[in-house]
Each structure stands twice: as C-alpha cells, then as structure tokens.
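Visitor: I should like to go through this model with you, one question at a time. Please show the sequence and the structure before we begin.

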Amino acid sequence: VIIVPSAGVGIVLGGYIIKKLKLGARESAKLAMICSGVSLLCFSTLFIVGCESINLGGINIPYTTGPSLTMPHRNLTGSCNVNCGCKIHEYEPVCGSDGITYFNPCLAGCVNSGNLSTGVRNYTECACVQSRQVITPPTVGQRSQLRVVIVKTYLNENGYAVSGKCKRTCNTLIPFLVFLFIVTFITACAQPSAIIVTLRSVEDEERPFALGMQFVLLRTLAYIPTPIYFGAVIDTTCMLWQQECGVQGSCWEYNVTSFRFVYFGLAAGLKFVGFIFIFLAWYSIKYKEDELQRRRCREFPLSTVSGVVGQANQAEKYARTTSCPAFSTQAEFHEETGLPKGFPGTTQTYPGPFPEAISWSADPGLNESPSSAL
C-alpha cells in the first residue's frame, strides 16, 4: 500500500523532469546521483523510528531481579519452575502481571488455570510472576541513561498471567510509513535517469543488448540473491528459535531493535554502494564530454568560430561567435584560406544575411570586401 504507489509516482515524476528539462546523459546521471544521495540521507530516519522488543522471561529478562540477559546466559529454566517438568519446545506465550511475557504457562510457574468471560485463559499462582525491577533499554531522548520501571504485583504471593503476549506501547507506525513513502519516492525518481544514461551511453544498434544486460545484472545481483542474504542477516537477530527433535526450525521471537538496525543497515550499505557507482558513471560521462570539447577546439585552431542563431519567429538570423581555448598563430598554414606560411591574416564576422562570413586578406585595407564565405 505504501511502497507501490510511492514508487509509481516517483518513476512518473522522474520521467517528467527528464522530458521537461530535456536532460542529456550527463544531466540525467547527475539527477540520479542527487536522488540517490538525498534518499540515502532520508534513509537514516528509519533507524530511529521503531519499537522495542518484548520482555521475554528467561530470554532477555531473568526470572529474578536483575539486568537484561545476554546470549550465553539465556535459560528458560529457573528456580521457580525447575521442578515443574515443563516442556521447552511448546511455545504458548502468556503475559504475566509483572509485564513479562513467558514461554508457556508451565515455565511461568503457574498452577491453576481457568477461562475468562472473553475466552482468554487465565492462570493463577504463578511462581515466576512476582514483583520485580525491570531494566529496559534507554529511550531516544535518553541515550546514556537506563529507564528503570518498577512493576508492582503481589508482594507476599505469586502473580497471575493471561494467554498471549504482553502488549507494547508503540505509536511509531504512522511516522515510519511516512518516512518509508518519502524514501521510496525519492529513490524511484532516479530509475528513469538510469535508463536514459544506459541508452545514451551506447550506440543505437547496441541499445537492446545494453538493456538486456542491465536486466540480467539486476536479477543476478539483486532480485534472485536478495532473499538469501537478507534472510541470513535477519536470522542473526532471532532470540528464540523453534527446536523440535534436535532440529532448529523457524524463529519464534526476534530482537526487534537489532532487527531494525541490521535490516536497514544492510539496505543503507547497498544504497551507498549504488551511490558510488552512480557517481562514477556521472564523472565518466563528464570527463568524456569535456575531453570531446577540448578535442574539437584543437581541431579548429581559429580564435573564433561563427554559428547561426535564429530567433523564435525565424524572421531574422544573426551570427554568434564562440571562443575556443585553443588559439592559432599568424605563422600557421591554413589550407582553407590558401595563405602561405607566415602570411598575416585577419578575421571579421558580418551580421548580415549570410550564415557565416569570415574574410581573409593580406592587406588590412581590403577588409571592406570579403573574399570568401564559409
């Protein structure tokens, strides 16, 4: 709903800009470079807009009071459920009255169960659900401080739990979708420019082959392997794997914070590599065009070159003089004029009806009658 419309509008706008401004290969590459750079900067906003992971007992929150658990210290079995004979392969999460999600009612130490009027199962006398101090990661505005939350339940007796995960307070969906729309829109504006650069960088008879090779590279480097390496990176953020008969299955719970940074970090890295290649393409086109301009000026060593400039109504024409960086000396031999080596010459441009008029004469007094028209 967000990506497809934003990409469609971005592609149409990119094509309209190219058509309206009549951009060539060099300008199209510059437009693609600008869009890629701006989208890369806007991409950084997706890192800070997200939710926190749930507190899962025995996984990232210990059964007793203390800080968050690390990977080597994760253990679903604690002193409160060690004698319950719980199965650690049946994932049936319950939300404790202390705000912690437990793997299943047995691992929460619950003894009794019953159904509420809403159909949600209620568990009581849960030994692992008790009053505790939960230390959660810092918020966006508190980078160097830990947020301490005191969860008050029963002081002298065990707590209770209800089936299902504990709900999280997260209101970042709308800002995230807005930033995602902007990033996708700006990125899509560069796609028409990439096609234009491809078509204008090869000969006319090679354009179908160039487009074919471009799509082959896109599918080989992006469309086909993307699910593989993105999936491998995402799997590194899993904090609870399914285990059945000693075989690792799918992921039950992800570390949402790590998921966000790993996923968008990989995407941002790929976008940065793409920006580097777009910059190299623009620099290559710019260098070739500048080299071609210098070569043309060396091939025409006259100090001025006259061109025809017509008005919009084509009623009257004037001569325009363009200067080249290369200059000729009076001692050079010009085959066009037939002047001998070392023979002095003068040039003069006339704004008359002739497209271009350049006169050469040995005597400055003969400049009034042009001898040749080019």
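**Salt bridges, disulfides, strands and surface**

Guide: The side chains of D290 and K286 meet in a salt bridge, 3.4 Å from N to O. The model is a predicted one.

Visitor: In which helix do D290 and K286 both lie, and how many residues apart?

Guide: D290 has 26% relative accessibility and therefore counts as partly exposed. K286 is likewise partly exposed, because its relative accessible area is 26%. The separation of the two is about one turn of the helix, as both lie in helix α8, 4 residues apart.

Visitor: Which residues are linked with K286 and D290 in a network of salt bridges?

Guide: The count of salt bridges in the model comes to 7. The contact of D290 with K286 is a salt bridge. In the network, K286 and D290 are linked with R26 and E289.

Visitor: How far apart in the chain are K165 and E253, which form a salt bridge?

Guide: The closest N and O atoms of K165 and E253 are 2.4 Å apart. The pair links distant parts of the chain, with K165 in the loop between β7 and α4 and E253 in strand β9; the separation is 88 residues.

Visitor: Is E253 buried or exposed?

Guide: Its partner K165 has 43% relative accessibility and so counts as partly exposed. For E253 the relative accessibility is 7%. Buried means under 20%, so E253 counts as buried.

Visitor: For the salt bridge of R207 and D204, is D204 buried or exposed?

Guide: The side chains of R207 and D204 meet at 3.3 Å, N to O. R207, at 31% relative accessibility, counts as partly exposed. D204 has 55% relative accessibility, and the class begins over 50%, so D204 counts as exposed.

Visitor: How many disulfides does the structure hold, and how far apart are the sulfur atoms of C51 and C170?

Guide: A disulfide is a covalent bond between the sulfur atoms of two cysteines. The structure holds 5 disulfides. One of them is formed by C51 and C170, with a sulfur separation of 1.5 Å.

Visitor: What is the hand of the link between C51 and C170, and how many residues lie between the positions it joins?

Guide: The angle about the S-S bond is -70°, and the link is left-handed. C51 is in the loop between α3 (45–48) and β1 (94–96), and C170 is in the loop between β7 and α4 (173–188); these distant parts of the chain are 119 residues apart.

Visitor: Where do C95 and C166 lie in the chain?

Guide: C95 and C166 form a disulfide with sulfur atoms 1.9 Å apart. Their link is right-handed, with 105° about the S-S bond. The pair is 71 residues apart, with C95 in strand β1 and C166 in the loop between β7 and α4.

Visitor: Which strands hold C238 and C251?

Guide: A disulfide joins C238 to C251, S to S 2.1 Å. The torsion about the S-S bond is about 100°, so this disulfide is right-handed. The pair ties together parts that are 13 residues apart in sequence, because C238 lies in strand β8 and C251 in strand β9.

Visitor: Which cysteine sulfur is nearest to that of C189?

Guide: Both C238 and C251 are buried. C189 is in no disulfide, and the nearest cysteine sulfur, 5.1 Å away, is that of C35.

Visitor: With which strands does β4 pair, and in which sense?

Guide: Strand β3 (residues 112–115) pairs with β4 (residues 121–126) over 4 bridges in the antiparallel sense, and N115 stands opposite R121. C126 has G159 in β7 as its bridge partner. The 3 bridges between β4 and β7 (residues 159–163) also join strands that run antiparallel.

Visitor: What is the accessible area of the nonpolar surface patch that includes V273?

Guide: V273 is found in helix α8 and, at 40% relative accessibility, counts as partly exposed. The patch is formed by F272, V273, I276, F277, F279, L280, Y283 and Y287, and together their accessible area is about 810 Å².

Visitor: What percentage of residues 173–197 is helix?

Guide: The unreviewed UniProt entry lists residues 173–197 among its spans for "transmembrane region". In the model, the end C-alpha atoms of this span lie 37 Å apart. Strand makes up 0% of the span, and helix 92%.

Definitions and conventions:
Residues are numbered from 1 along each chain as its sequence is written. This is a predicted model: local features need pLDDT of at least 70, side-chain atom pairs count only at pLDDT 80 or more; totals for chains, interfaces and linings use all residues. Side-chain values use heavy atoms; hydrogens and water are left out. Two strands pair if DSSP finds at least two bridges between them. Patches are made of residues with over 30% relative accessible area and no salt bridge: like charges are joined within 9 Å, nonpolar side chains (Val, Leu, Ile, Met, Phe, Trp, Tyr) within 5 Å. Accessible areas come from the Shrake-Rupley method with a 1.4 Å probe; for residues, only the protein chains shown count as cover. A salt bridge is a side-chain nitrogen of Lys or Arg within 4 Å of a carboxyl oxygen of Asp or Glu. Buried means under 20% relative accessible area, exposed over 50%, partly exposed in between (1.4 Å probe, protein chains only). UniProt positions are given in the numbering used here, feature names are shortened, and annotations may be inferred rather than shown by experiment. A disulfide is a pair of cysteine sulfur atoms within 2.5 Å.
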